Amino acid sequence: MGMSVTISVATEQDAEQIFRLQYLCFQSEAALYGNYRIDPLVQSLDSVREELAADCVYVARLGDEVVGSVRGRVTEDGAAAIGKLCVHPRLQGHGIGARLLRAAEAALEGERGATRFRLHAGHRSEGSLRLYRRVGYETVGTAQGTDGVPMIVLEKPAGTYAVTA
């Protein structure tokens, strides 16, 4: 009998697993850009702990293992900035990313008053862009990441949630 993946609010005890998972998951992104200094790969464990304390952070768990995570915070303009969505490579393509997005969106709107959701994806990150568009995000512009990677900025209004499958 297999275990099912559960989505829950991250706790302080999840920091190290999130840190390691993020490092694993963003290797393929780094390879796409030939840049192994992208933000998710150079973030410190202390910085992850700070985000856990201040931001809206959700994890996907398979038993005791953290196999996915996402973070979000409401910015000054009322938009929720969602980022660092990652799912363990062995579990990608099973709807976990969409479920994590849905949990974060619901909390950011319901508990923190977000009026819309915004995220950034690398311009070559076709898998991520496909997921975001499938769950209702639309391209609204471009930006340059602090790590030099050209980013596509996507948004959607609050109240339009990710489909879970």
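**A walk through the fold**

Guide: Let's start with the record: UniProt, in an unreviewed entry, puts the feature "domain: N-acetyltransferase" at residues 5–159; such annotations may be inferred rather than shown by experiment, and their positions follow the numbering used here, with feature names shortened. This is a predicted model, where local features need pLDDT of at least 70, side-chain atom pairs count only at pLDDT 80 or more, and totals for chains, interfaces and linings use all residues. Residues are numbered from 1 along each chain as its sequence is written, and side-chain values use heavy atoms, with hydrogens and water left out.

Visitor: What makes up the protein, in helices and strands?

Guide: There are six helices and seven strands, where helices (H or I, at least four residues) and strands (E, at least two) are DSSP runs numbered from the N terminus. In sequence order the pattern reads β-α-α-α-α-β-β-β-α-β-α-β-β.

Visitor: Why is the protein called as compact as a globular protein of that length?

Guide: Its radius of gyration is 15 Å, close to the 15 Å that the globule rule gives for 165 residues, so the label fits. That radius is taken over C-alpha atoms, and the rule is 2.2 Å times the number of residues to the power 0.38.

Visitor: And what about the UniProt span, residues 5–159?

Guide: That span is 36% helix and 34% strand, with its end C-alpha atoms 24 Å apart.

Visitor: Why is Thr-75 counted as buried?

Guide: Buried means under 20% relative accessible area (exposed is over 50%, partly exposed in between; 1.4 Å probe, protein chains only). Thr-75 comes in at 15%, so it counts as buried. This residue sits in the loop between strand 3 (65–74) and strand 4 (79–87).

Visitor: What does Thr-75 touch?

Guide: Ala-81 and Arg-118, if you skip residues up to four places away in sequence. Contact here means heavy atoms within 4.5 Å.

Visitor: How do you know that Phe-117 is buried?

Guide: Its relative accessible area is 0%, so Phe-117 clearly meets the buried criterion. You'll find Phe-117 in strand 5 (residues 116–122). Beyond its neighbours within four places, its contacts include Ala-80, Ile-82, Leu-108, Tyr-137 and Leu-154.

Visitor: Where is Glu-105 relative to Phe-117?

Guide: Those two are 12 residues apart in sequence and 7.3 Å apart in space, C-alpha to C-alpha. Glu-105 is also among the contacts of Phe-117.

Visitor: How much of the whole protein is buried?

Guide: Buried residues make up 47% of the 165.
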